[in-house]
Amino acid sequence: MPLSRRARSATAWTTLALAFAGVLIWTWGTWPDVQIDFGREVYGAWRLAEGDVLQRDVAWLQGPLSVHWNALLFRLCGTSLRVLFVANIAFAAALGALLFVLLRALFGTLGGFAGALAFVLVFACLQLAGVGNYNFIAPYSHELTHGVGLALAALALLAWHEHEPRRWKVHALAFVAGLVALTKAEPAFALAAALLLAAVRAHLRGRRSEERVASLQAATIALLALTPAVLMLLALTPALGLHGAAEALAAPYVNLARGDVLALPFYRRLAGTDELGANLGRMALWLVGLSAGVAVLVGVARFAPARARRPGAKERVLTLLGATLCFTLLPIPWLGTLAVLPFVCLAALVPAWRSGSLATLALFAFAAALTAKIAFACSARHYGFALAMPGTVACIAAVASHRPWEQDFWRGHGPGLRIVVLGAVVAWSGAHLAESSRWLAIKTVRVGTGADAFLADDRGTYANRALELLRTRTDAAVAVLPEGALLNVLARRRSPSRVVNFLPPELAVWGAEEVAQELVDARVRHVLTWERNLTEYGYDSLGDYAPELAQWLDGYRTVETIGDPGRAFSGRLVRLREARGLIENVILISIDTLRADRLGAFGGKRGLTPVLDQLADEGVAFPRAYAAAPWTLPSHAALFTSQWPHETGVGTYAEPGRLAPGLPTLAETLRNAGFATVGFTGGGYLSDAFGLDRGFDVFLGDLAQASMHDVVERARYWLGARDPAQPFFLFLHTWEVHQYEPTEDFRARFVRPYAGPLADEESLPLFLQQNQWQQRGATLDAADLSYARDVYDATVASADQALGRLLELLRARELLERTLVVVTSDHGEEFLEHGATGHGYTLHEENVRVPLILWHPSLVARRIARPVSLVDLAPTIARLAHAPVPATWRGHDLFEREDEPRTRFLGSAHRPFVGAIRADAKVIVSAGASPAFRGYHLATDPEERTPLALEPDFRPLLEELHESYLVGARAGAAVEADPGLEADLKALGYAGAGTPSPGAAAPALREFRALLQTLLVTGGARR
């Protein structure tokens, strides 16, 4: 007795549930791949659950919906693979139920059951290739599985609306379609095409006007539904800004359109365009085979004797078993049968168009469009687990339905032939199950523990060893290259880069140079390189497509090798590396009075400073570094405290004071972090009288007028006696360039013959620094200035040679590769470029632009061209040395990414002027008896020859000077009178310094603020 419709439905539901449970039990814990793809999915959700922001902190190629959904699950249930597995199992179960309901509505109970069962047995949980992740439980892309599932939900709503029109169903359809747009481009475009075709068919069919309008409304709203996008935009805007949030929403569509990504061999192979001719031939063969199968069925129907139209239950079962056995024994390569799926789905559009069912038409249109990415190499493997799934289950449901077999054409054999075709479907499913069993059989290695545990192939052995190393031998961040973010999650070690994988598609989108720069700036201590087969992308190694990353990795040394080097398949070689010469020590060298443009690396003549030039070429050079003040004391005080000069308390040139109390210094910060802190200086304004010794364990500031050679000699003795187990911070300062006293050999090399008045001066810097030539009524002609520059250059060359001796000393003691070397100066020197000689009189480029070089083997050689300040140096050194950065410091890490240009300020505790630089705009404001404003565009006027009036570009700089810079000052303690110190200062050229007295806040901030306010109000510039 035939079963009732309700009984058939209950049987189908029960069978589907049992089948799904059986497949889950069989494949339990085998769903992810240990290295590829799925780790990115878990990592992104984990980081967002921890408070990171998509695109800002975690670069993402697809839409924002799925990763935020998974992050929400982690927030609610805790981060683990099990949470994601359970959520995806529930999603797959819901999708199977949805397919049954949708396909039953379109093709009957048997059709719905057959299609849903094919999803459960073949697509939901299996592994059909060497790489996992191509299933709905641990997908390579949740955006694809969620997108396909939501799109099918939209089609189910369309079918439901078609059966019983209701406006709310149209609205729900529109909202779901809007959600699909936030997943991945492939399901979004496929759904849009399907709904558009359904809308056209509804219009042409000429139904009642209200139904036609409702159908068109459903399709139009589905295409243009904006509510989910607007909600997501509002959610992302506070963290990313409106433009950044819009880019996050557009990411899947922009990335899909990138020709450089689609041109990769990987995607051409998946699409079948790499061997288009062969693939077209294969499709033709399958079409011929399909046609032959149809011809056989036609022959059976036309020439076989007539039989009963409806065979009994026993006959149906025997026929199904016999057909299944027959098809199983036939040498049919079932895994390749889906090669014709795109063609079949397109062909199915014709009867679907004629049938009048909008949902059927939309389903086959969606299925056909979804296979576009794998059009000439379609299969259930790889991306086909999701892209080929809707078309496959729709075709199976269609052939299982009674409708194709109802015509008299089959002469009563339709039901029997349908059972035979179902036998072929069962054999097809069995072939995929057998293929999966072969891949699952090699997954015997348990990776991870507790809720993170799963089974992997032999790569799991290497993964477990890598996890052990990550958990015991690394700090909080580790980079895994080129792919392996699952290790980051399992070890709970975040990546220092916002880019999750370092493969050709990701680097094509985000830029290999930018990613390498990000890793460099992050100062990664530990890197895990896990070999991966890159030939699918057309490359043999990381260096072939990302030489910047390969160069960065050259700065690391292998600590432990895991596995057998040279093995070709993924995961065979795993190497844990740590920085070659970790930054254990810091040497900061201040060469007083060194202009940036004297170095060949910064635009000067090559050959004058070969050591500095090589250091700049091999290290990180900042060609636009600025001292905070144009003379020694306030500039060094700002450098050590990361405060602006008027905040340090050191006072004015005429009234210097000690460093204000309560300001944490670089030396104090490093000492608190465990560094031995030592300073050797040339005395004068670098003596302990001014408080610059604060934080130093040893500070010798009595080397009056010491040359660089003298300072290096002091350093040599100390390095020989230091405790080798303790990291150190060594500060070296020399007055050598300031004093214009080159040795005879350098004088002979760089000073051209000269017999003018300057040759008789006993102290050339004193004569120039105090502008004594003006006081004497003298003039300086071109020959005089040329001689002064020659002596200056000879002294620069002498200091450069001494620096070379220091580097050789460090190399000989095997310290260089573990030491961060920083070279800079406190200010430059003027030679009448703007009416003065010496320094301290202006804020022009020759006076405040100084060399700044950071060298360490782990730093990739490059130039950072944006303006930076020496105030930024202390926080940079502290972070490189892994020391905490005081919250009161004004500076910013020199390697910090800047979304917008940052303003750097210039001030003087010597003359009444302040300035600011932002990008190429520079302003200088002078107070006093003759207040003045000067603005410059350095890109077009690098020598500042043409001062400009107040323009709109300069106004923001004045506003920042008024509101952010000149907001207060500190007074330092009194400096005890010391005749010896005063004599030293006068010998250094500071003849008018006077007796040191309590520090004063200078220049007069109140006067400056009033002047700036006047300029802002009356300057005539528009906002």
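**Exercise 1. Place Leu 873 in this predicted model. Which helix does Leu 873 lie in, and is Leu 873 buried or exposed?**

Step 1. Find the helix. Leu 873 belongs to helix α36, which covers residues 873–880.

Step 2. Check the accessible area. The relative value for Leu 873 is 0%. Buried means under 20%. Leu 873 is therefore buried.

Step 3. List the contacts. Set aside residues up to four places away in sequence. Leu 873 then touches Leu 588, Leu 639, Val 822, Thr 824, Leu 852, Leu 854 and Leu 894.

Step 4. Compare sequence with space. Thr 641 is 232 residues from Leu 873 along the chain. From C-alpha to C-alpha, the two are 9.7 Å apart.

**Exercise 2. Describe the largest nonpolar core. Which members touch the most others?**

Step 1. Start with the count. This core holds 217 residues.

Step 2. Pick out the members with the most neighbours in the core. They are Leu 549, Trp 552 and Leu 854.

Step 3. Ask which helix gives the largest share. Helix α4, residues 81–123, supplies 23 residues.

Step 4. Look around Trp 552. Leave out its neighbours within four places in sequence. Trp 552 is in contact with Ala 479, Leu 481, Leu 519, Val 520, Val 524, Val 527, Ser 858 and Val 860.

Step 5. Look for another core. A second, separate one has 59 residues. Among them are Leu 768, Val 791, Ala 794 and Leu 809.

Step 6. Recall a general tendency. In soluble globular proteins, nonpolar side chains tend to be buried together.

**Exercise 3. Work out how α14 and α15 pack. What is the angle between them?**

Step 1. Locate the helices. Helix α14 spans residues 341–355, and helix α15 spans residues 358–370.

Step 2. Read the geometry. The angle is about 165°, and the axes are 9 Å apart.

Step 3. Name the arrangement. Angles over 145 degrees count as roughly antiparallel. So α14 is roughly antiparallel to α15.

Step 4. Add the handedness. The two helices make a left-handed crossing.

Step 5. Name the residues that meet. From α14 come Cys 345, Leu 346, Ala 348, Leu 349, Ala 352 and Trp 353. From α15 come Thr 360, Leu 361, Phe 364, Ala 365, Ala 367 and Ala 368.

**Exercise 4. Sum up the whole chain. How many helices and strands does it have?**

Step 1. Count the elements. The chain has 39 helices and 23 strands.

Step 2. Turn to burial. Of its 1023 residues, 59% count as buried.

Step 3. Check the surface. The accessible surface is about 39600 Å². Carbon and sulfur atoms account for 58% of that surface.

Step 4. Sort the contacts. Take those with a separation of 6 or more. Residues 24 or more positions apart make up 74% of them.

How values were computed
Residues are numbered from 1 along each chain as its sequence is written. This is a predicted model: local features need pLDDT of at least 70, side-chain atom pairs count only at pLDDT 80 or more; totals for chains, interfaces and linings use all residues. Side-chain values use heavy atoms; hydrogens and water are left out. A nonpolar core is a set of buried Ala, Val, Leu, Ile, Met, Phe, Trp, Tyr and Cys residues joined through side-chain atoms within 4.5 Å. Buried means under 20% relative accessible area, exposed over 50%, partly exposed in between (1.4 Å probe, protein chains only). Helices (H or I, at least four residues) and strands (E, at least two) are DSSP runs, numbered from the N terminus. Contact means heavy atoms within 4.5 Å. Accessible areas come from the Shrake-Rupley method with a 1.4 Å probe; for residues, only the protein chains shown count as cover. Axes are lines fitted to C-alpha atoms, for helices over the stretch in contact, and angles run from 0 to 180 degrees between N-to-C directions. Angles under 35 degrees count as roughly parallel, over 145 as roughly antiparallel, 65 to 115 as roughly perpendicular and the rest as oblique. A crossing is left-handed if the near helix is turned anticlockwise from the far one by less than a right angle, and right-handed if clockwise.
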